[in-house]
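Subject: Structure handover

Hello,

I am passing on the structure we discussed. The sequence and coordinates come first, and my notes are underneath.

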Amino acid sequence: MSSELNTGVYKQKQRRQKRLIEAGIIIAIAFILAVILPAVLPAFRLRLFGRFLALAIVALGIDLIWGYTGLLSLGHGIFFALGGYAIAMHLKLQIPEGQLPEFFTLYGVDKLPWFWQPFYSFPFTLIALVVIPGVVAGLLGYLVFRNRIKGVYFSILTQAALLVFFNFFNGQQKLINGTNGLKTDTEKIFDLLVSSSAVQRTFYILTVICLILIYLLCRWLTSGRFGRLLIAIRDDETRVRFSGYDTTGFKVLVFAISGAIAGIAGALYTVQTGIITPTIMQVAFSIEMVIWVAVGGRGTLIGAIIGTLLVRLAQTFLSERFPQVWLFFQGALFLTVVTVLPNGIVGWFRDYAWIKARSLFGLKQQLITYPQIEEDPEIQRERDQLTRK
Amino acid sequence: MSALIEGLFNGISIGSVLLIAALGLAIVFGLMGVINLAHGELMMLGAYTTFVVQNVFKPLGEPWFELYILFSLPVAFIVSALFGLALERGVIRFLYGRPLETLLATWGVSLILRQFVRSVNWLLVISIAVFCLCFFGGMAILKRLSHWERIRNWAITILLFISSAISIALGFLIDRVGTLALTKPWFSARNVDVTAPTWLRGGWKILGFQMPYARLFIIALTIICLLGVYWFLNRSTWGLRIRAVTQNRSMSACLGIPTAKVDALTFALGSGLAGVAGCAVSLLGSVGPNTGQNYIVDTFMVVVVGGVGNLFGTVVAGLSIGIINYLIGSGTLALIFTSTESLKPLVDFFLFFATSSMAKVMVFAIIITFLQVKPAGLFPQKGRTAEL
């Protein structure tokens, strides 16, 4: 009896230790991102890096639905853009009462369209940039998943939806300035110019905080029962359904969460870019988002962040020096990641490099059996009991 | 009345372009479940082949130049089919059973093809040739070694590294000493124009409107391709095998059908059809590196609506999407209702969607609604192999 209690305590202790280590790492990274980098990098580079971090947030959302649930969305640009447009509309309305944003006069519009009205309020905008993409994603997901459309069909439909949204935003000059998009750089927030360095630095810190919070949210979602259900849906959906779960509901929910995350990322990206145009909803950009996750390693949250940063840094470096090479490189990246590194960098490190490195230093090989039979104290105890008899 | 017929004709002609582009895609998707995002780029390859054939025929003079389009069709088919074959053997066959990964890999191929067309010059071609020579030559030599299997991974890595180093070094060398003729891009990023031969210009006047000959040619070409594919699938031995594998892959393999060969052949056929489609598309406007992108999503919609593994479904889907698209986009539908005063809101509603880009919004909404009723397309596969 006492030994049973002991194993429980031991396990709890181990878990607590792991949590502490993880929390320590996260705090250290947050410290580096939020305090050291702003001091080291010049303002222009910091702004660029802030944008990368915003993109890493989308990657987390995509990892949630692709890496864990197995749904490949090629339409995350929609939700990203919706979030971006929400904040841009709010910023555009920071003008004296009764005036219209200047582009409206170009097209002869003299009355603010009805859907612009609520964006006068800042709290509404904050809620809208999460809720609107989430609801749109949920609705789209519901219409698709309800009929058990899955796999590549789902991917194609999201891509088509993306094209549709692109066309819509691109064509409506009188409603949202069409192709030209909404410029936020020259607008004011709380009576400060958005492009001023103090505001940009605040946005950067805000991005870091959001990234960590959303990472923790995804971590919490994927580690518990919910996360195991998502993985089960990915691996064998039919079986999950036959076990009595409503997979449609779960899929809609996780797709909506992912859309909402993309919305937050879009808002943060927009204020740090200074403009949002419909080009953000191009087909290529949304597929690129997927490849960030694939490079880092799908099914690992940290992989999504690492992958985004690596690919974006490589893109900046290559397209600054050899603009022609970037597309070749990107194409090759797609091919190699899919054929040679299906689990991404983190997966490769976990499955191969870590074990190799351990054996180089003469450490005992970790057992990969699941659950780790040889190391499990309960099994050790049972074995002891058996041999004692 | 004449407006309606004109709308119908234009719709059919848009639909036939969609159909000829979607035909290859439908066959490949039906057989292998592979979504080929590089399909649009294979079309682009066909269109550029047409451009090259046209330039070859230009110096030959009058009677020959008029017929270049007929020669470029088989050439475009062969070029695209060969590229498709290489793609299948080189990449896709390693990814069967992982459709989402295939999708990403083909997207990578499409990116490479787009940039390739922009920056292809003799220098690049020579570098690639040298790379292939070094890599595959080295592989062929090393394969004779008795312990090949043991050193395989290392050998491939080292060979890859050495041959790319050689080809890049050679590229730099030629770049330094070579003439402008070697480094000048063939097509550059600008669009190129394919001039239709004189017998395809102008149109056929009937019932007060004009049917352009180029459109009629595309419709005829689509019909010929459809008949050809139908004959191939239903009357030839390989067609029988393709249909068998589409229905039940493992059972076909048990009965001795070489499924790997069937896959390669089907993929080559689908790619070749993309090449023919590209040839047709080049008659409609100028051709650029992004030509394929304009068609890719629409053709996928055709495949999704048509259902898998049924040519007839693809035909119906292609034509109806084309017709609906035109009727909404041109404002014909709005025009019909203007006569009745009480339908004013309906007219406004249709006028809102009466541009070609907004028509796509409407068509997508219709497709999503349609999929609520028939999730697996117009003619879904039946039987036990159909997925749950």
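The notes below cover confidence, overall layout, domains, the core and the contact between chains.

Please bear in mind that this is a predicted model. Mean pLDDT for chain A is 83, and 94% of its residues score at least 70. Among the elements of chain A, the lowest mean, 73, belongs to strand S2 (residues 188–189), while helix H11 (residues 247–273) has the highest, 92.

Overall layout. Chain A holds 16 helices and four strands. Along the principal axes, its C-alpha atoms fill a box of roughly 90 × 50 × 45 Å. Of the 389 residues in chain A, 40% are buried. Taking contacts in chain A with a separation of 6 or more, 78% are between residues 24 or more positions apart.

Domains. The domain assignment splits chain A into domain 1 (1–40), domain 2 (41–307) and domain 3 (343–389). The centres of domain 1 and domain 2 of chain A, taken over C-alpha atoms, are 30 Å apart. Seven residues from domain 1 and eight residues from domain 2 form the contact between them. On the domain 1 side, the seven are nonpolar, with no polar and no charged residues.

Core. The largest nonpolar core has 193 residues. Ile57(A), Ala59(A), Leu60(A), Ala265(A), Val290(A) and Ile291(A) have the most contacts inside it. Leaving aside residues up to four places away in sequence, Ile57(A) touches Cys210(A), Leu211(A), Ile214(A), Ile261(A), Ile264(A), Ala265(A) and Leu268(A). Ala265(A) is thus both a contact of Ile57(A) and on the list of core residues with the most contacts.

Contact between chains. Chain A contributes 35 residues and chain B 33 residues. On the chain A side, the elements giving two or more residues are helices H6 (152–171), H12 (283–296) and H14 (325–339). H6(A) gives the most, with 13 residues. By class, the chain A side has 22 nonpolar, twelve polar and one charged residues.

Helix H14(A). This helix has 15 residues and spans 21 Å from its first C-alpha to its last, close to the 21 Å expected at 1.5 Å a residue. Its buried residues are Leu327(A), Gln330(A), Gly331(A), Leu333(A), Phe334(A), Leu335(A), Val337(A) and Val338(A). Those residues pack against H12 and helix H15 (344–360) of chain A, together with helix H5 (99–119) of chain B. The buried residues of H14(A) therefore have packing partners in both chains.

Regards

Conventions. Residues are numbered from 1 along each chain as its sequence is written. Chains are lettered from A and ligands numbered from 1 in the order in which they are written. This is a predicted model: local features need pLDDT of at least 70, side-chain atom pairs count only at pLDDT 80 or more; totals for chains, interfaces and linings use all residues. Two residues are in contact if their C-beta atoms, placed from the backbone, lie within 7 Å. Ala, Val, Leu, Ile, Met, Phe, Trp, Tyr, Cys and Pro count as nonpolar, Asp, Glu, Lys and Arg as charged, and the others, Gly among them, as polar. A residue is buried if 20 or more other C-beta atoms lie within 10 Å of its own, exposed if 12 or fewer, and partly exposed in between; C-beta atoms are placed from the backbone. A nonpolar core is a set of buried Ala, Val, Leu, Ile, Met, Phe, Trp, Tyr and Cys residues joined through C-beta atoms within 7 Å. pLDDT is the predictor's confidence in each residue, from 0 to 100. The expected span of a helix is 1.5 Å times one less than its number of residues. Domain bounds come from an automatic or database domain assignment.
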